[in-house]
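Here's a quick tour of a protein model. Have the sequence and the coordinates open while you read.

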Amino acid sequence: MGRARDAGSAIRTAVVGHVEWTSIARVARVPERGEVVHADVVWEGPAGGGAVAAVQMAALAGRTTFFTALGDDDAARRTEDILGRLGVRVVAATRTEATRGAVSLVDDTGERTTTTLGPRLQPSLDDALPWSDLAHCDVVHFVAGAPEVLKQARQARVLTATLRELAAVAASGIRVDALAGSAADPAERYDPALLDTAPGLVVRTEGRQGGTYLEAGGAAGRYRAAPAPGPEVDSYGMGDTFAAALAHALGRTDLPAQALAAAAGHAARCAATRGPYHLP
């Protein structure tokens with residue numbers, strides 16, 4: 001995975017991705033077609049894969065830089081304020097469209113069902129952002145963006161990506177050190193035929209059953225889920241928390257087995273948290 005990190009130095013990290021200003025509401029069950037149900041909003045803040053990963057990365061590394069795109073609106077300003085107080089340096093391109101929203105319903109089993117509102121805003125290499133900073137990172141986690149951005153991010157020592165962005169990885173033609181995604185999500189299906197070069201590690205998560213991994217050298221197997229430190233109340237953000245923790249562990253040069261165990265532990269803590277993270 002590239003050059004070794006200097007002993008004793010801090011992990012320099014970045015996340016490239018998107019934001020959804022998200023309301024999470026609690027329901028007994030997801031409503032059926034045509035049904036009207038009451039829900040209580042239990043969490044509201046900047047979420048989506050990029051924001052959740054950035055918060056987790058900042059918690060692990062002390063701080064992180066988050067490359068994204070936002071609208072010129074109140075949701076954008078609130079996003080920058082909240083993430084900034086959590087150690088995330090937000091560098092965002094401004095779009096004419098509104099910052100994307102989302103509503104997520106969490107049922108009594110803790111499972112979430114999410115509806116996004118509006119187009120996804122993602123950064124482009126044409127945006128006047130400090131892209132050269134990516135070359136100085138130990139690890140960059142890619143959640144959303146143009147293939148050209150992914151190429152720029154490849155200058156980092158370790159580059160990981162979500163399986164949801166497999167098409168962008170394929171279009172970029174570069175090799176990533178790890179791909180991670182949900183085995184239950186059709187949008188995160190892994191098709192090795194699309195890639196010129198196999199990733200160093202492919203991880204498919206399966207919630208409470210743990211998940212599977214495949215290394216480029218052919219080693220494959222399963223990893224175990226970690227027990228939650230309390231009642232499991234909310235699955236929102238578990239996958240993105242797992243992916244960010246995996247990226248951070250690989251960035252500090254953990255072996256795959258160690259990195260998977262660390263990621264599973266952080267995902268379990270997320271399951272016992274209302275919302276993807278504690279708001280400041």
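What follows covers the pockets, one helix and a handful of individual residues.

## The largest pocket

Keep in mind that this is a predicted model. Its largest pocket takes in about 1,300 Å³ of space. Lining that pocket are 47 residues, and the ones nearest its centre are Arg112, Ser182, Ser235, Met238 and Gly239.

Which elements build the wall of the largest pocket with at least two residues each? They are helix 1 (48-61), strand 7 (112-117), strand 10 (178-182), helix 5 (238-251) and helix 6 (256-271). Helix 5 gives the largest share, with five residues. Sorted by class, the lining splits into 17 nonpolar, 17 polar and 13 charged residues.

## The second largest pocket

Next comes the second largest pocket, with a volume of about 270 Å³. It has 14 lining residues, and closest to its centre you'll find Gln56, Ala59, Pro276, Tyr277 and His278. Helix 1 and helix 6 are the elements that put two or more residues into this lining.

Helix 1 supplies the largest share here, five residues. As for chemistry, the second pocket's lining has eight nonpolar, five polar and one charged residues.

## Helix 6, well covered

Helix 6 shows up in the lining of the largest pocket and again in that of the second largest. It runs for 16 residues and spans 22 Å from first to last C-alpha, close to the 22 Å you'd expect at 1.5 Å a residue.

Its buried residues are Ala259, Leu260, Ala262, Ala263, Ala264, Gly265, His266, Ala267, Ala268, Cys270 and Ala271. What sits over them? The cover for these buried residues includes helix 1, strand 11 (201-205), strand 12 (211-215), strand 13 (220-223) and helix 5.

## Two buried cysteines, no disulfides

How many disulfides does the structure hold? Zero. Two cysteines are still worth a look for where they sit: Cys137 counts as buried because its relative accessible area is 7%, under the 20% cut-off. Cys270, one of the buried residues of helix 6, has a relative accessible area of 4% and is buried too.

## Glu20 and Ala144

Is Glu20 buried or exposed? Buried, because its relative accessibility is 7%. This residue belongs to strand 2 (residues 20-26). Setting aside neighbours within four places in sequence, Glu20 is in contact with Gly45, Pro46, Ala47, Gly48, Arg100, Gly101, Ala102, Thr116 and Tyr236.

Ala144 sits in the loop between strand 8 (139-142) and helix 3 (147-153). Despite the loop address, Ala144 is buried, at 0% relative accessibility. Not counting residues up to four places away in sequence, Ala144 touches Val16, Gly17, His18, Arg120, Gln122, Pro123 and Glu165. Try picking out Leu121 as well: it is 23 residues from Ala144 in sequence, and their C-alpha atoms are 8.8 Å apart.

## Thr253, a backbone oddity

Last stop is the loop between helix 5 and helix 6, where you'll find Thr253. Its phi is near 75°, a positive value in a residue other than glycine.

Why does Thr253 count as partly exposed? Because its relative accessibility is 46%, which falls between the 20% limit for buried and the 50% limit for exposed.

Note on methods:
Residues are numbered from 1 along each chain as its sequence is written. This is a predicted model: local features need pLDDT of at least 70, side-chain atom pairs count only at pLDDT 80 or more; totals for chains, interfaces and linings use all residues. Side-chain values use heavy atoms; hydrogens and water are left out. On a 1 Å grid over the protein atoms alone, a cavity is a set of points where a 1.4 Å probe fits but cannot get out, and a pocket is an open set with protein on both sides within 12 Å along at least five of seven lines; lining residues have an atom within 4 Å of a point. Grid points are joined across faces, edges and corners, and a volume is the space filled by probe spheres set on the points. Helices (H or I, at least four residues) and strands (E, at least two) are DSSP runs, numbered from the N terminus. Ala, Val, Leu, Ile, Met, Phe, Trp, Tyr, Cys and Pro count as nonpolar, Asp, Glu, Lys and Arg as charged, and the others, Gly among them, as polar. The expected span of a helix is 1.5 Å times one less than its number of residues. Buried means under 20% relative accessible area, exposed over 50%, partly exposed in between (1.4 Å probe, protein chains only). Contact means heavy atoms within 4.5 Å. A disulfide is a pair of cysteine sulfur atoms within 2.5 Å.
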